[in-house]
Amino acid sequence: MQRFKNILCVVNTELNDASALEHAVKLAANNNAQLTVVEVIDEIPPDTTLLERTLSAIDLKANMIAAHENQLQQLVSPWSRKIEMKLKVLTGILFLEVIHEVLRNGHDLVFKTAESGILLDRVFGSDDMHLLRKCPCPVWLVKPESPKTHNKILAAVDVDDSYPAKELNTRLLLNQQILEMAGSLALSESAELHIVHSWVAIAESYMRGGFAARPEEEIATYVEEVRQKHSQNLNVLLSEVIDKLGQDAVESLKPEKHLLKGYPRKNVPQLAEKIKADLVVMGTVARTGLPGFFIGNTAEAILNQLDCSVLAIKPPGFVTPVTLDD
């Protein structure tokens, strides 16, 4: 079972929203993990001459941090008897300071309440998207007012085997992580586990038009062969994960597979809405080794359409572009 040992939870005391904190406390307690709760506040603007008539910039910053530390203590107080927590107030740009904290202290999971994006159909704000793209560890964005317990968890995987060999191995490891985490969470919360993979018969459209038009029977045979190949790949992946989770665990979960024809950027959000998923577990980085390529277009398109919490996972070997010198 997937275990987290060093969890970081990002909060905003001014919003007084404890959605992410509730889930972080619960998971930390179940995993016997260390939990650090941080708030990131803005730096004091350079032009503070009016304020400095009564307080120096150093004293002003110290007072601001002390005030937020007090607010942070009040926010976590309902859970302070249940679990021991480290509290920190950081100053700077939120996503950068969170990633710096992860790099300094080796956190293996970041919790944060999701922001509201600029567009009506977009759940995640700019700091959220920066974390999804660049944070070196998994990021769990909790939708405000999300249920305390997840009833339905959707794991999105990609078992297409048409990628180069090196990338295939990376995607396999990422798929395994996604299913192990989703399975572990579903077990711990007695939730339904749904697994989705979208597939496309690439040559189908070409076979229907132009000079390459083929009989419908031939097209149908080709499409069915592609479907069976993807189904076989998904079954192989599940068998590999069963070996890690254990047969008893999988029999207890009874995961429901969804092998959907079409593109994932459309199918995954639609399925999440149809089954009323509380949480989607998915990978965010499509490829490694490409400078500046931190999140796949398909993953970003899916994320911008989801209306539920998300646990986003990076593949093994991912290196954040953020450094402690930033």
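**Exercises on a predicted model**

In this predicted model, helix α5 (residues 165–189) packs against helix α7 (residues 216–245) at an angle of about 55°, and their axes are 10 Å apart.

**Exercise 1.** Determine how α5 and α7 are oriented to each other, and describe their contact.

*Solution.* The angle between the two helices is about 55°. Angles of 65 to 115 degrees count as roughly perpendicular and those under 35 degrees as roughly parallel; α5 and α7 are therefore oblique to each other. The crossing of α5 with α7 is right-handed. On the α5 side, the contact is made by Leu172, Asn175, Gln176, Leu179, Glu180, Gly183 and Ser184. On the α7 side, Leu237, Leu238, Glu240, Val241, Lys244 and Leu245 take part. Sorted by type, the residues of this contact comprise 6 nonpolar, 4 polar and 3 charged.

**Exercise 2.** Decide whether His23 is buried or exposed, and list its contacts beyond four places in sequence.

*Solution.* His23 belongs to helix α1 (residues 19–31). Buried means under 20% relative accessible area. His23 has a relative accessibility of 6%, so it counts as buried. Leaving aside neighbours within four places in sequence, His23 contacts Phe111, Val142, Ser146, Pro147, Lys148 and His150.

**Exercise 3.** Check the span of helix α3 (residues 94–105), and establish how far it is enclosed.

*Solution.* At 1.5 Å a residue, the 12 residues of α3 should span 16 Å; the end C-alpha atoms are 17 Å apart, which agrees. Of these 12 residues, 9 are buried, so α3 is largely enclosed by the rest of the structure. Among the buried residues are Phe95, Glu97, His100 and Glu101. Their cover includes β1 (6–11), β2 (34–41), β3 (85–91), β4 (109–113) and α4 (126–134). After α3 comes Gly106, with a positive phi near 65°.

Conventions: Residues numbered from 1 in each chain as written. Predicted model: local features only at pLDDT ≥ 70, side-chain atom pairs only at ≥ 80, totals over all residues. Heavy atoms only, no water. Axes fitted to C-alpha atoms, helices over the stretch in contact; angles between N-to-C directions. Helix = DSSP H or I, 4+ residues; strand = E, 2+ residues; numbered from the N terminus. Parallel < 35°, antiparallel > 145°, perpendicular 65-115°, else oblique. Left-handed = near helix turned anticlockwise from the far one by under 90°. Contact = heavy atoms within 4.5 Å. Nonpolar A, V, L, I, M, F, W, Y, C, P; charged D, E, K, R; others polar. Buried < 20%, exposed > 50% of the residue type's maximum accessible area, 1.4 Å probe, protein only. Expected span 1.5 Å × (residues − 1).
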